[in-house]
Every structure is written in structure tokens, then in C-alpha cells.
Amino acid sequence: MKISVDPQKCEGHALCAAIAPTVFEVGDDDLSRVIDPAPDDKAWPDIRAAVASCPTLAITAFDDIADQE
């Protein structure tokens with residue numbers, strides 16, 4: 001599993017933290033970051049929704065090798 005937020009693209013809209021608060025948070029710098037890099041399987045629907053909701057496409061998430069191809 002790999003989840004990341006590109007700080008160069010993130011504008012701190014915080015949609016990811018609202019959708020998946022156990023995986024993302026907004027830091028003191030007003031940018032989103034991953035707080036749980038290895039969430040359990042039931043978190044993946046919310047993570048995918050967070051990826052799809054990011055207006056700057058700053059989030060990448062792969063839950064298995066097939067997603068990377």
C-alpha cells in the first residue's frame with residue numbers, strides 16, 4: 001500500500017481530511033498529509049473518494065500492485 005500527498009500540489013482544501021479523517025489531516029502549514037500510511041482494507045473506499053475529490057490532484061494511492069499498472 002502507498003498513499004501520499006504531494007506538498008507542491010496541495011492547496012489545503014482539506015477535502016481528504018473530511019472524507020477520510022483517519023488517514024489524512026491538515027497540518028499547521030495548512031497542507032494535507034497522511035497520518036496513517038497503512039490503513040486497514042475498510043478505509044480504501046474513503047481513500048479513493050478522497051483521491052477523486054482532491055481539486056489539485058495532489059493525492060496518490062495504490063492499494064495493490066494492480067492499481068499501479
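A polar contact here is a pair of N or O atoms within 3.5 Å. Keep that cut-off handy for Exercise 2, and remember throughout that this is a predicted model.

**Exercise 1. Get your bearings in the fold**

Work out how many helices and strands the protein chain has, and in what order they come.

*Solution.* Start with the tally: the protein chain holds three helices and four strands. Next, walk along the sequence, and the order reads β-α-β-β-α-β-α. Now look at how the chain packs. Of the 69 residues, 26% are buried. Take the contacts between residues at least 6 apart in sequence: 53% of these join residues at least 24 apart. Finally, check the outside: about 4400 Å² is exposed, and carbon and sulfur atoms supply 51% of that area.

**Exercise 2. Take apart the loop between β2 and β3**

Find what the side chain of D29 does near L31, then describe D30.

*Solution.* First, place D29: this residue sits in the loop that runs between β2 (24–26) and β3 (32–34). Second, judge its exposure. The relative accessible area of D29 is 47%, so it counts as partly exposed, given that exposed means over 50%. Third, go for the contact: a polar atom of the D29 side chain lies 3.1 Å from the backbone nitrogen of L31. The cut-off is 3.5 Å, so the pair passes as a polar contact. Fourth, look across to G12, which is 17 residues from D29 in sequence, with 8.7 Å between the two C-alpha atoms.

Now move one residue on. D30 lies in the loop between β2 and β3 too, and at 54% relative accessible area it is exposed. Its phi is near 65 degrees, a positive value in a residue other than glycine. Why flag that? Because most residues other than glycine have a negative phi.

**Exercise 3. Find another positive phi**

Say where L57 lies, and whether it is buried or exposed.

*Solution.* Begin with the position: L57 belongs to the loop between α2 (44–53) and β4 (59–62). Then take its relative accessibility, which is 60%, so L57 counts as exposed. Last, read its backbone angle: phi of L57 is near 55 degrees, again positive in a residue other than glycine.

**Exercise 4. Look inside**

Work out how many cavities of 30 Å³ or more the structure has, and which residues lie nearest the centre of the largest cavity.

*Solution.* Step one: the search over the whole structure turns up one cavity of 30 Å³ or more. Step two: the volume of the largest cavity is about 90 Å³. Step three: 15 residues line this cavity, and those nearest its centre are C10, A14, C16, S32 and C54. Step four: sort the lining by character, and you get 10 nonpolar, four polar and one charged.

Step five: zoom in on S32, a residue of strand β3. Its relative accessibility is 8%, so S32 is buried, the limit being under 20%. Skip its neighbours within four places in sequence, and S32 is in contact with V5, C10, A14, C16, E25 and V26.

**Exercise 5. Follow V51 across the sequence**

Which residues does V51 touch, not counting residues up to four places away in sequence?

*Solution.* Locate V51 in helix α2. With a relative accessible area of 26%, V51 is partly exposed. Its contacts, counted that way, are I59 and A61. Then measure from V51 to C16 yourself: the two are 35 residues apart in sequence, and their C-alpha atoms are 7.2 Å apart in space.

Notes: Residues are numbered from 1 along each chain as its sequence is written. This is a predicted model: local features need pLDDT of at least 70, side-chain atom pairs count only at pLDDT 80 or more; totals for chains, interfaces and linings use all residues. Side-chain values use heavy atoms; hydrogens and water are left out. On a 1 Å grid over the protein atoms alone, a cavity is a set of points where a 1.4 Å probe fits but cannot get out, and a pocket is an open set with protein on both sides within 12 Å along at least five of seven lines; lining residues have an atom within 4 Å of a point. Grid points are joined across faces, edges and corners, and a volume is the space filled by probe spheres set on the points. Ala, Val, Leu, Ile, Met, Phe, Trp, Tyr, Cys and Pro count as nonpolar, Asp, Glu, Lys and Arg as charged, and the others, Gly among them, as polar. Helices (H or I, at least four residues) and strands (E, at least two) are DSSP runs, numbered from the N terminus. Buried means under 20% relative accessible area, exposed over 50%, partly exposed in between (1.4 Å probe, protein chains only). Contact means heavy atoms within 4.5 Å. Accessible areas come from the Shrake-Rupley method with a 1.4 Å probe; for residues, only the protein chains shown count as cover. A polar contact is a pair of N or O atoms within 3.5 Å; within protein, one must be able to donate a hydrogen and the other to accept it, and residues adjacent in sequence count only if both atoms are side-chain atoms.
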